[in-house]
Every structure is written in C-alpha cells, then in structure tokens.
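Please load the model in a viewer and keep the selection tool at hand. The tour below proceeds from stop to stop, stating at each what to select and what is found there.

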Amino acid sequence: MEKKSFVLGDVKLTGCKGSSLLPFVTHGLVLRSTKRLWVLIMTVVEAYICGKKIDTQNNKSELPSKVVSLLIEGIAQNTTGSVFTPEGGGNIEVSGSPTEKAILQWGVNLGMDFDVVRAESSVVHAFPFNSEKKRGGVAVKVPNSEVHIHWKGAAEILLDACTSYLDDNESLVALDGDKVRYYKKAIESMAAGSLRCVAIAYRACKGETVPNDEEELGIWQMPEDDLVLLAIVGLKDPCRSNVRDAVQLCIKAGVKVRMVTGDNLQTARAIALECGILESNADAKEPNLIEGKAFRALSEEQRLEVAEKISVMGRSSPNDKLLLVQALRKKGHVVAVTGDGTNDAPALHEADIGLAMGIQGTEVAKESSDIIILDDNFASVVKVVRWGRSVYANIQKFIQFQLTVNVAALVINVVAAISSGDVPLNAVQLLWVNLIMDTLGALALATEPPTDHLMDRTPVGRREPLITNIMWRNLLIQLLIPIPYLCVKLQALYQVMVLNVLNFEGIKILNLEHESNEHAKKTKNTLIFNAFVFSQIFNEFNARKPDEMNVFKGVTKNRLFMGIIGFTILLQVIIIMFLGKFTTTVRLSWQLWLVSVGIGIISWPLAVVGKLIPVSRRPFSEYFSSIISSCIPSHRRNMGGSLRGNEEVL
Ligand SMILES: Nc1ncnc2c1ncn2[C@@H]1O[C@H](COP(=O)(O)OP(=O)(O)OP(=O)(O)O)[C@@H](O)[C@H]1O
Ligand SMILES: [Ca+2]
C-alpha cells in the first residue's frame, strides 16, 4: 500500500498511522533507539594495538607491518562501506554507516588503498553486522591459500572471544589475565569518555577447513572463538550543540527522553550525561541506567515496574527496545520512538509514533515509521512535538468555538420557540452562522501557528477527553450573553438584562412603536441576529487562547485570522445592509449597529472573568461516572475496570 506523506520543515509525515499522530503530539515521551540523531561525524580518536595505546594521528610508523597489513585487510574487506578516490586526485570520499566511515577513514590514515587491498584477496563468506550479536565478519581467501576470518564488533564482546594478540615483534602472545584486565580498563576509560568502542580481530584457518561449494558455505558457521586481537579503537561521537537544549525543551514540555542504544553502558551513560538525559552522576545508576541483558532477564511484572524509571539502556538488542516500548505502553504512556536501522523496525512499528531518520535511516525503518526526520537531527523531534501539540490545540479551539455557537443558537431558538412559538434566528441566518463557524472559523482557528506556550503545558494523558474542563468553562461563560434574552423570554429579570431590550420591551425602547408591528419585530430579530454574529466574531478571539488571559497575543502575526475576521464583518455588513430580502432582515441604524457590536464585545470581559474561575483537572465526565456508579450498583460493577484504568494513567 502506498503511503501518503507530506513534508513539514525538517520532518516528513507518512500516513499509515496518521490518526495516532494526534495523541502523541500532545503528550508522551520520546525514546531514542539510536544515537545517530545526536551526533555529527564519528572519528577514531583512540586506538590500542599490540598491547599498547598508540597515537592515532601518527600511528603508521610505530606499528609492525604484519599487524598493519592484517588490520588493513580486515578493514577493507569486512565493511559495508566503501572508499572512493576521485580520478585525477583530490580528497578521498568514504561512504557507509557512521561507524563504518570512521573505521574506513582510519584505515586510509594507516595507508590502506581500498581498491588494491580488496583485489588482493577474495571474500568467500560474509556475516553482516548484526545488532543482536553486535559483530560482523568475513572470511577471505588470501594468496597463500589460507583463509582469514575477520571480525569487527562491540569491543568487550569481541575481546571475550580473543585468546591472543600480536605484539610489537609480530609474534603471537597469549592474552593472559593481566592483558585482558589492561584491555578492559582501556575500554572502560574510552567508554567513560563517551567513545564507542569497536574491536577488530582475526583468525587464520587452513583453506581446507572452509567448505568449497555454495550450499555448504550457506550454512557454514564462521569460527568466532580463539581470535587474535588486532586493535581496539574508540570512536568519538561529537554531540550536536543543540541536542542538550532540545532535550531540555522536551523535559519542560513533560516529554521524558530515554536513550536505548546498542552501545556499551558506560558510553551510553557518558553521552546521556553530556546531552542532559541523565542530570548528574547520582542519577546514573540502576534502574535509571540499565543494561539490555538485565532488563531482558526481568519478569514481565518487574519490567513494567522498572520501565518507567529507565532513562538509559545500554548494550540493548532490538528485542529489548521492543520490550521497553511494550512495557511503557502497557503503563499507559504514549510512546514515540526514533530509529535508524532495520533492527529498530519492530520498536518503531510498536510505538504510538515511529520516527525514522531520513538520511541514515534504512528503508525498513522508514517503512515502519509514521514520521521521517529529514535532517536526522533530534531538534526536529521537538518541532514535531510543537507542531503536533499545535494541531491538537487548534482542533480543541475550533471545537470550543463551534460548540459555543451551536449551543447558543440552539438555546435561543428552542427557548424562544417553546415560550412564544417564534424563532428569532431563521434558517437562512443559521446557515450564515454555520458558514462563519464551519468554514471560516476552521480556517481562522486551525491555522494558528505553534507558540512557545504549547511547550510549557503538561502532557495530555492517553484517555483524557478532547473537550477539557477549561473548554467547558469557557463555553458556559459565553452562554451568559444570550441568557438575558432568554430570561426575558421566560419572563424573568427582564428589566435588568441587556438583551431584554431586544425582545418585549425592546420594541418600546428602540422607539419602534410608531412602526408597523411586522417591521418592529423584524428590526428586533435583525438586532438579535447581528448581536449574535458579533458575539461569535469577538468570541473567535477568545477561542484562540482558551487558557490565556491575553487573547490578542500574536494575533497580528496570523494574517489569515485577521483577514477572516475582516471578511466576516464585511459580509455581515453586506447581509444586513443589502441582502435583507434573502435573510429576512432589515437595515439597522448606526445606533443599532453600535448596540450589536456593544453586546458582542461583552464576550471579551466575560472570557476574562471566566478564566478567573478555577477548574479541576479531573474531567467532568468522571464526576458523572462516579455519581452514576455510586447510585447504580450494576453500573459500578461495569465501570470498575475503566475507572481503575484511568487512575493508572493519571
Ligand atoms: N559497523 C559495525 N561494525 C562493527 N561493530 C559495530 C558496527 N556498528 C556498531 N558496532 C558495535 O555495535 C554497537 C552498537 O550496536 P547497534 O548498532 O545494535 O546499536 P544502535 O543502538 O543501533 O546504535 P546507533 O546508535 O549507531 O544506531 C556499537 O557500540 C559498536 O560497538
Ligand atoms: Ca541503530
């Protein structure tokens, strides 16, 4: 099935789970299952070869040639990247994943001529890098009819499979306890410095031990023990400068950022501290910081318990990422996952929102995601949250506006019809009112650009109602405008209220007694209609900011909104002044125009008063449910489950 997609700044939304975009964007939590959103170009900055640390800038001269040639062979053959030398000279170009590129570039610095080295031996079998095993390898046939098995992978894992190393004199030395401790310490110190550690090892086999025919080769397990350690390198992932700020913005917006990576726990910890995911060293301990293996070993209940506390998971497998997403979703969280590799696909798919990376992301990752981050930058995730919240808030604004208009019109007409058999707002007028609120209102309110205020809000829970208590309060307060009119209709308090003037007494006060009864009634109804429309026009400003006092903030920047308000007023004037026949209205004097606008503008101070009334965070619907469930025993039984469900979310 072809996915619809559209590009929004640096993100591209793909339409397979489009509806799930809304919940995420308002609340939730970003779980990065890749470090790539964080970093720029990786480079090898530390290396341990021949049992000692070497200078990565000037390492060629101090190394024995056999070690260099084996390393170069491994780097050139055991890679998914490549090196391109432009014809006629110029800088060489390396391609591949960031890790591959860094290692290839280091190989070039060691004197590797990529094409020449690859032509010298032939690959007989390959085991592509695998996130589960954290290593990748090739078997290459070398000219002396030997087969070299080259492995490259997570340092401490590969180190465990090594039994010897080549020393300065090119002789094979057994890896004794001291040397293993030395290497482990080196890995720890590199990881603490936020370096990604990769080991390169090899093993020589006799040609006869490798199967010849294709079929046998297909099922052949390349030897992965008794390896000779060639090098351990530390790759630096420089953090993008804006990542820390973006993480802080997420935290402020109530979005918890977690890092789940295949990297070593210490590397992950150092990077998390650098990016602000972990605030201090005190934070960096279990269960905030956990290894994939430990998380995997927990029972399902235990996983549910610790999942919420986890900030960083290191050495995770693709399945750990999936388990964490599942646990968090079970806990009622809305989960967004970022990922690049094929290994991230299950987690991306399982998440409420999957965000794949546009540049580094594999096709599989992109296919499993809802949003593609075109610039591979975490700051764009913040943009997604901002825009998503804005869409959600705009829908809420529109709903509130529509409800106010509809309920007000309905109440006016129903009460009037019941009390006097006469409807002040006729069908054509209601059609016009509908046009204002449906088409023009939607255009005006739904196009409000995102504001910083959106990022200060707390997230909206998965089961929170779309119409919040604040919206109900704003709606009810606006209904106070037609109340005087209704009171008159109901023959109560008619002396004091504004719209009173417009009905029974209105004809007298508006000096319409000398006019024909029919004309006087039409003038009164026109005034009601005009005042009603102006109330809605002014209320459209209130609808922009349901929870802020200053409803005019940034209004001039939204040209479309201003244009629509102007256009609506213009159309209203045209209707009243020239299209009376059509809407059964009459022309109004300037005094009555002032009265209409005056009544309409009451909507502004009313909204301010309304916002001073505090509302509870608990949805009104829940109060009703509890009242009903306490009254009806059977209802209580039925509601039990869902109420408990809600409590868990809150
Ligand atoms: N091309 C590679 N060759 C060998 N080892 C690699 C390679 N890429 C990564 N590794 C090793 O595997 C670890 C990362 O594993 P994995 O790719 O599963 O993690 P990830 O979370 O997907 O990482 P990323 O942040 O790069 O997306 C690294 O710490 C490194 O030691
Ligand atoms: Ca990855």
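Strands, as named on this tour, are DSSP runs of type E with at least two residues, and they are numbered from the N terminus. The model is predicted.

**Stop 1: a strand residue in the interior**

Select residues 135–141, which form strand E9, and pick out Val140 within that strand. Is Val140 buried or exposed? Its relative accessible area is 0%, so Val140 is buried. Now add Val123 to the selection: 17 residues separate Val123 from Val140 along the chain, yet their C-alpha atoms are 4.2 Å apart.

**Stop 2: salt bridges**

How many salt bridges does the structure hold? The number is 21, and several of them merit a visit.

Begin with Asp263 and Arg196, whose closest N and O atoms are 2.8 Å apart in a salt bridge. Arg196 belongs to strand E13 (residues 195–206), whereas Asp263 sits in the loop between strand E15 (256–260) and helix H9 (265–275), so this pair ties together parts of the chain that lie 67 residues apart in sequence. Both partners, Asp263 and Arg196, are buried.

Next, select Glu46 and Lys53. These two also form a salt bridge, with 3.7 Å between the closest N and O atoms. Glu46 counts as buried because its relative accessibility is 19%, and the cut-off for that class is under 20%. Lys53, at 46% relative accessibility, counts as partly exposed.

Proceed to helix H14 (residues 363–367), which contains both Glu363 and Lys366. The two residues are three positions apart, about one turn of the helix, and their side chains meet in a salt bridge with an N to O distance of 3.9 Å. Which of the classes, buried or exposed, applies to Lys366? Lys366 counts as buried, at 18% relative accessibility, while Glu363 counts as exposed, at 55%.

To complete this stop, select Lys133, Arg135 and Glu224, which are joined into one network by salt bridges that share partners.

**Stop 3: a patch of negative charge**

Select Asp213, Glu214, Glu215 and Glu216. On the surface these residues gather in a patch of negative charge. Glu215 has its place in helix H7, which comprises residues 214–219. With a relative accessibility of 68%, Glu215 counts as exposed.

**Stop 4: a nonpolar patch and the annotated spans**

Select Phe567, Leu570, Ile574, Phe578, Leu579 and Phe582, which make a nonpolar surface patch of about 610 Å². Which helix supplies the largest share of the patch? That share, four residues, comes from helix H21 (residues 559–578). Phe578 lies in helix H21 and counts as exposed, at 58% relative accessibility.

Colour residues 560–580 and 592–613 next, as both spans are covered by the annotation "transmembrane region" in an unreviewed UniProt entry. Over residues 560–580 the chain is 95% helix and 0% strand, and 28 Å separates the end C-alpha atoms. The span 592–613 is 91% helix and 0% strand, with its end C-alpha atoms 33 Å apart.

Technical notes:
Residues are numbered from 1 along each chain as its sequence is written. Chains are lettered from A and ligands numbered from 1 in the order in which they are written. This is a predicted model: local features need pLDDT of at least 70, side-chain atom pairs count only at pLDDT 80 or more; totals for chains, interfaces and linings use all residues. Side-chain values use heavy atoms; hydrogens and water are left out. Patches are made of residues with over 30% relative accessible area and no salt bridge: like charges are joined within 9 Å, nonpolar side chains (Val, Leu, Ile, Met, Phe, Trp, Tyr) within 5 Å. Accessible areas come from the Shrake-Rupley method with a 1.4 Å probe; for residues, only the protein chains shown count as cover. A salt bridge is a side-chain nitrogen of Lys or Arg within 4 Å of a carboxyl oxygen of Asp or Glu. Lys and Arg count as positive and Asp and Glu as negative; His and the chain ends are not counted. The place of a charge is taken as NZ of Lys, CZ of Arg, CG of Asp or CD of Glu. Buried means under 20% relative accessible area, exposed over 50%, partly exposed in between (1.4 Å probe, protein chains only). UniProt positions are given in the numbering used here, feature names are shortened, and annotations may be inferred rather than shown by experiment.
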